[in-house]
Amino acid sequence: MPGKRAPHKLVPDKAVAKYLARHAEPESLAADAVAGEYAHALVVPAYGEGQSLFDTLGSVPRGPAGDTLLVVVLNAREDSPREKHEANAAARERLLGAASEARALQAEHPLSVLSYPNGRVVLVDRAAPGHFLPEGQGVGLARKIGNDLLLRLHASGRLASEWLHNTDADVILPNDYFDQTRTIDPGGNAAALYFFEHRFSDDETLALAGRLYEISLRYYTLGLAWCGSPYAYQAMGSCLAIRPHAYARVHGFPERNATEDFYILNKLAKVGSIVRLAGTPVVLEGRISDRVPIGTGKALSKLVASRRNLAGFRLYHPLAFAHVAAWLGVLASTARSGGRIELALEQLPRDNPFFRSDLLVEALEKMGAFPAIRQAIERSSEPGAMLRAFHTWFDSFRTLKLIHALRDGGIPSLPYAEALAEAPFTGLTAATEDDAEWERRELADRERSLAASPAGLPSLASALADA
């Protein structure tokens with residue numbers, strides 16, 4: 001049974017109340033029927049999972065402040081493959097059979113409260129006939145269902161934590177998982193991202209694919225940090241914790257079948273800081289998967305499809321990041337000057353053979369950057385507000401779009417070892433050993449040291465402070 005705790009002090013939150021009244025999923029109403037108070041809570045979407053789901057649940061610590069509530073959202077669509085339905089049925093039976101206590105809740109969709117040694121589990125069953133997720137939807141809606149329930153629990157004063165934790169059903173959580181966010185001052189923060197590491201397959205080809213994929217993730221983040229971008233983070237739903245107020249302000253998870261973590265973080269970064277944690281990592285499974293059309297599993301599947309994919313693995317050219325850095329400098333200069341963007345653009349290098357001002361301006365024009373920037377200038381007169389408007393438009397999505405435009409327009413990607421050696425933000429050189437595992441560790445250590453440093457990785461708040 002969950003321990004008796006004094007509910008946290010309720011502070012009326014208009015954004016949360018409005019979200020729960022207008023946008024929350026119907027399953028969130030079940031929070032009123034979940035007995036007890038909880039110190040921590042975690043959402044785990046599960047789609048076609050086997051033993052990995054139970055390994056994840058078994059790794060969830062009780063937490064430093066008391067009992068933990070887990071929300072497992074078993075999900076599928078009617079058109080999901082038969083093997084996914086069979087795996088879901090087996091997981092449902094095992095969850096219900098292993099519980100020391102099970103109680104059904106009355107709601108539009110089947111929900112059960114299960115008693116487990118390390119807390120309680122709310123099982124939301126969206127994987128049975130009559131309750132499948134809508135066509136075209138998946139993990140995004142599953143995460144939204146779970147987080148909406150926790151948000152209502154928090155609003156009622158029965159979830160003490162100031163974080164809605166999220167992970168996946170193929171991870172191992174560290175023993176200090178809840179301690180890491182408990183010590184963060186929640187003021188001004190919208191989300192926190194745990195440090196991660198992959199557990200690689202014994203299969204050499206799959207392991208190499210996993211290492212190369214992780215290298216690409218860390219290379220991109222380090223490149224954006226070097227640029228000074230406030231969107232320099234790993235967009236991973238398996239490593240995410242969100243502040244309740246910020247979750248409500250961005251209207252929860254988008255109901256997408258993929259990249260829901262990318263899009264919610266893109267919104268969260270605009271309403272508060274993204275804290276990058278440097279503590280004990282979350283361990284991710286480096287496995288092939290077809291659960292979502294984009295992500296780690298799909299990327300590994302493409303890489304192992306042929307040895308040519310592995311041998312020809314490429315990364316964005318370091319010069320693409322130099323062009324993004326120059327554009328961010330233009331935005332900062334424009335804000336400081338009160339909106340004189342033409343003057344700021346004149347400062348771009350014109351006679352440098354390594355810098356393509358023409359390509360940068362052309363790519364930005366095609367993106368509609370200049371009308372958007374001028375509209376922001378018209379609405380703002382104070383430098384900080386102006387720069388915030390600039391970064392709200394030139395967000396994570398448009399940053400990636402610009403890098404792709406630069407790549408396709410004349411700054412092609414490089415073989416990965418060459419890119420690592422040439423990039424000023426990796427700390428690697430052509431003289432370093434050509435070993436994917438060593439390179440992966442070096443990049444991980446570099447990213448972790450940035451997250452742990454007092455200056456930290458760039459954020460929108462720090463960009464505004466420099467304006």
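Q: Is Phe178 buried or exposed?
A: Let's start with a single side chain in this predicted model. A residue is called buried when its relative accessible area is under 20%. Phe178 has a relative accessibility of 1%, so Phe178 counts as buried.

Q: Which kind of aromatic pair do Tyr177 and Phe178 form?
A: Tyr177 is buried too, with a relative accessible area of 0%. The ring centres of Tyr177 and Phe178 are 4.9 Å apart. Their planes meet at 75°, and an angle over 60 degrees counts as edge-to-face. The pair of Tyr177 and Phe178 is therefore edge-to-face.

Q: How many residues apart in sequence are the parts that Tyr19 and Tyr247 tie together?
A: These two rings form an edge-to-face pair, 5.6 Å centre to centre with 75° between the planes, and both Tyr19 and Tyr247 are buried. Tyr19 belongs to helix α1 (residues 14–22), while Tyr247 belongs to helix α7 (residues 244–249). The pair therefore links parts separated in sequence by 228 residues.

Q: How many aromatic pairs does the count come to?
A: Rings pair if their centres lie within 6.5 Å. Tyr19 with Tyr247 is one such pair, and Tyr177 with Phe178 is another. By this rule, the count of aromatic pairs comes to 18.

Q: Which residue has its charged end over the ring of Phe196?
A: Two charge-over-ring contacts are worth a look here. At Phe54, the charged end over the ring is that of Arg94, 3.9 Å from the ring centre. At Phe196, the distance to the ring centre is 4.0 Å, and the charged end belongs to Arg218.

Technical notes:
Residues numbered from 1 in each chain as written. Predicted model: local features only at pLDDT ≥ 70, side-chain atom pairs only at ≥ 80, totals over all residues. Heavy atoms only, no water. Phe/Tyr/Trp six-rings, centres within 6.5 Å; stacked < 30°, edge-to-face > 60°. Helix = DSSP H or I, 4+ residues; strand = E, 2+ residues; numbered from the N terminus. Buried < 20%, exposed > 50% of the residue type's maximum accessible area, 1.4 Å probe, protein only. Lys NZ or Arg CZ within 6 Å of the ring centre and 35° of its normal.
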